[in-house]
Amino acid sequence: MVERYAREEMKSLWDLNAKYSAWLEVEKALVRGWNKLGLIPDSDCEKICKNAKFDIARIDAIEAITKHDLIAFTTSVAESLGEESRWVHYGITSSDCIDTAVALQMRDSLKIILEDIKQVREVIKKKAMEHKDTLMVGRSHGIHGEPITFGLVLAIWYDELGRHLKALESTLEVISVGQLSGAMGNLAHTPMELEEIVCKDLGLKAAPVSNQVIQRDRYARLMSDLALLASSCEKIAVEVRHLQRTEVYEAEEYFEKGQKGSSAMPHKRNPVLSENITGLCRMIRSFAFPAMENVALWHERDISHSSVERFILPDSFITTDFMLHRLKGLIEKLVVYPKNMMKNLNLTGGLVFSQRILLELPKKGVSREDAYKIVQRNAMKVWQDLQEGKAAVNEKGESLYLQYLLTDSELVELIGEEAIKECFEYGYYTKNVDAIFKRVFGEGR
């Protein structure tokens, strides 16, 4: 864990105290379960649940000798109790306690992530409503294509994060399982009823079948879902970085009073937040692969997964949580420049309307191939003029492309001057924005 990229709420779920507290929670639930089944006397159950505690320094001292963290933990707990300590960890193995406790940590952590995603989507939605009709140019291959609105860009982000939200809500159920099935998972020493009682007490479901560990495909699914979420968040960050480029300058990160962009160049205002998000997302994705490798353990278990999970479990949740909060703030404060968007939309002298002209010609009986030739030959003239520095729009407000089309006798004869001019109306491209928004955000948008 890097402190710089950690928020206290999430970090506190993965420190040593949180880990041992989760272990103790499982051990106490086990005692209550045995008590309910009649094995552990009420007085012993009450004493354990009331008095059992651990000491981290003592655990470290014991582990230095035993070389076994769970035994060090249970020994420390036993030292806080009397004769009733004989019931602590009764009938179960280390992984029963540890894996079930980790399920509690993952469950609580994922609930925070789910709330984070909801908050990010809310700020995206608000910004989308604000810029529903803000015209900008759509790009493919980085080249101007056709008019869109910035609201549509934001709607895509909102919709995409919605899919990740649903996926992770489903994964929450997948990882919220515990086990108390014993050393080989055969429930020989712990009745199935006990496992179900304890898991219910902890707010988990009992794994239908387990060996010595909860199966790691569950963890791999979680890490894969977080990796996919990170990919979409990076996509948003990369878009902001592109829009902030000086040559584009259609949007930029909020630059606070007193903020500095460069130690050498005082004028600089860099997209540092979106660049940071990009890097964090790369790290989050990196956790997915080792999680997948952890699925294949030897026979009923080995501990090759253990060291890996000491890294990837806390770091994936802590980093994802921080990244989402940073992304929320970035979008919330994002500065948008509609005038620059319109300026860039007109940059190519009306070429963004080429398909509109193309689609009119087949209505007049022209083959698609011939129509393409008519439209493209005029477009190429515009590219040439732009290369030579000619103004994209004349003093009459007519774009270069419109000027050439109106002087193309073949085209004018086919569809007429008025029809050509009508093809240069932006409303044609935004006529379905309301319907799209209704589909994305619903009736109550």
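Author: The bend at a residue is the angle between two axes, one fitted to the seven residues ending there and one to the seven starting there. Our model is predicted: local features need pLDDT of at least 70, side-chain atom pairs count only at pLDDT 80 or more, and totals for chains, interfaces and linings use all residues. Residues are numbered from 1 along each chain as its sequence is written, and side-chain values use heavy atoms, with hydrogens and water left out.

Reader: Where is the kink in α12?

Author: Look at Arg310, shortly before the proline Pro314: α12 has a kink of about 30° there. Helices are DSSP runs (H or I, at least four residues), numbered from the N terminus.

Reader: What should the 29 residues of α12 span?

Author: Take 1.5 Å times one less than the number of residues. For α12 (residues 304-332) that gives 42 Å, and the end C-alpha atoms are 43 Å apart, which agrees.

Reader: How do I read two helices together?

Author: Two packed helices are described by the angle between their axes and the distance between the axes. Axes are lines fitted to C-alpha atoms over the stretch in contact, with angles from 0 to 180 degrees between N-to-C directions. Try α4 (residues 56-66) and α5 (residues 69-78): their axes come within 8 Å and cross at roughly 130°. That makes α4 oblique to α5 (under 35 degrees is roughly parallel, over 145 roughly antiparallel, 65 to 115 roughly perpendicular, the rest oblique). The crossing of α4 and α5 is right-handed, meaning the near helix is turned clockwise from the far one by less than a right angle.

Reader: Which residues of α4 and α5 make the contact?

Author: Contact means heavy atoms within 4.5 Å. Among them are Ile59 and Ile62 of α4, and Ile71 and Phe73 of α5. By class, this contact of α4 with α5 has five nonpolar, three polar and three charged residues.

Reader: At what angle do α2 and α5 cross?

Author: Roughly 70°, with the axes of α2 and α5 within 11 Å. They are therefore roughly perpendicular, and α2 passes α5 in a right-handed crossing. Residues that meet include Trp23 and Leu24 in α2, and Leu70 and Val77 in α5.

Reader: And what about α2 and α8?

Author: The axes of α2 (residues 16-36) and α8 (residues 192-202) come within 9 Å and cross at roughly 130°. That makes α2 oblique to α8.

How values were computed. Helix = DSSP H or I, 4+ residues; strand = E, 2+ residues; numbered from the N terminus. Nonpolar A, V, L, I, M, F, W, Y, C, P; charged D, E, K, R; others polar.
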